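Reader: I'm in my first year and still learning to read structures like this one. Could you take a close look at the sheet with me, and at the charged pairs around it?

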Amino acid sequence: MSRILDRLYHLHWVTPDVARSAQPYLGFYATFLAPHRFRSLINLRGENADFGWWTTEKRVARGLHIAHFDVKLSSRNLPSRSGLAALFEAFAAAERPLLLKCSGGQDRTGLAAALYLLRWKGPGALAEAEAQLKAWPYLHLPKPHQRWLRHFPGYANAQGGAALHQWACKGYDPNHFAAWLEARGLKGSYRSFQQEAAT
């Protein structure tokens, strides 16, 4: 059953102790999570307290003693500094084994996996990081307003380098990234800017 669910929910291992997946919409949530003994889960869809999938996810994670982190990212809007900082802070706080998940496990999850690799393996892991946003086996087939995703790891690597966490939390400017994209003929590769989190 575990192998079937891993395929159904698009599970892939980024490193031996970090995995990525889609949302387990069809049930069997505990049956999917338990065999991998995850200690933490980063939900890239943000807090959604009015939706059953989120309340189920929180309840199942609590029952399995899995720390649950909510980070709101968009695949069509450029990340805000607060959103990017929340992701890196979750990386730092999460115990392993760790699961990264969004809705389809293709776009936001690919970006988070790429940034995780750059954070822990350093600037030399760029090719490995960029591979997290490939069509195969991750099914990342970006729509026009999602093309920025494939360019963000290279941009972040060039800007942050070995101090990627610090850059993400204090130096990242979405306007600078937008200008960087436009200079490369990619002005239409995103829809808008993600709003900053309220402080």
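Author: Happy to! Let's begin with a term we will need: a salt bridge is a side-chain nitrogen of Lys or Arg within 4 Å of a carboxyl oxygen of Asp or Glu. Please keep in mind that this is a predicted model.

With that term in hand, look at Arg39 and Glu95, whose side chains meet in a salt bridge with an N to O distance of 2.6 Å. Arg39 sits in the loop between helix H2 (29–33) and S3, while Glu95 sits in the loop between H4 and S6, so this pair ties together parts that are 56 residues apart in sequence. Arg39 has a relative accessible area of 39%, which makes this residue partly exposed. Glu95 is partly exposed too, at 44% relative accessibility.

Those loops lead us to the sheet itself. It is an open sheet of 5 strands, and their order is S1-S2-S6-S3-S4, with mixed pairing. At the edges are S1 and strand S4 (67–70), each of which pairs on one side only. From one strand to the next, the twist averages 25°. In general, strands of a sheet pair through backbone hydrogen bonds, and the pairing can be either parallel or antiparallel.

Let's walk across, starting from S1. Strand S1 (residues 12–15) and S2 run antiparallel and are joined by 3 bridges. The two form a hairpin, with 2 residues between them. Within this pairing, Thr15 stands opposite Val18 in S2.

Val18 also takes us one step further, as it stands opposite Leu98 in S6. Here S2 and strand S6 (residues 98–101) run parallel, with 4 bridges joining them. Now turn to the two faces of strand S2 (residues 18–21): both are covered. Val18 and Arg20 lie on one side, Ala19 and Ser21 lie on the other, and all of them are buried.

The next step goes from S6 to strand S3 (residues 40–43), and this pairing is parallel as well, over 4 bridges. One position to find on your screen is Asn43, whose bridge partner in S6 is Lys101. Helix H4 (residues 81–93) packs on the sheet, where it touches S3, S4 and S6. The direction of H4 makes about 175° with that of S3.

Let's stay with Lys101, because its side chain and that of Glu57 meet in a salt bridge, at 3.0 Å from N to O. Glu57 belongs to helix H3 (residues 52–63) and Lys101 to strand S6, so the pair links distant parts of the chain, 44 residues apart. Are these two buried or exposed? Glu57 is buried, with a relative accessible area of 1%, and Lys101 counts as buried at 0% relative accessibility. The cut-off behind that word is under 20% relative accessible area.

How many salt bridges does a search of the whole structure find? There are 3, and one of them still awaits your attention. It joins Lys121 and Glu128, whose closest N and O atoms are 2.9 Å apart. Lys121 counts as partly exposed at 48% relative accessibility, and Glu128, with a relative accessible area of 33%, is partly exposed as well. As a general point, side chains of opposite charge can pair when their charged atoms come close.

Definitions and conventions. Residues numbered from 1 in each chain as written. Predicted model: local features only at pLDDT ≥ 70, side-chain atom pairs only at ≥ 80, totals over all residues. Heavy atoms only, no water. Buried < 20%, exposed > 50% of the residue type's maximum accessible area, 1.4 Å probe, protein only. Pairing = 2+ DSSP bridges. Axes fitted to C-alpha atoms, helices over the stretch in contact; angles between N-to-C directions. Contact = heavy atoms within 4.5 Å.
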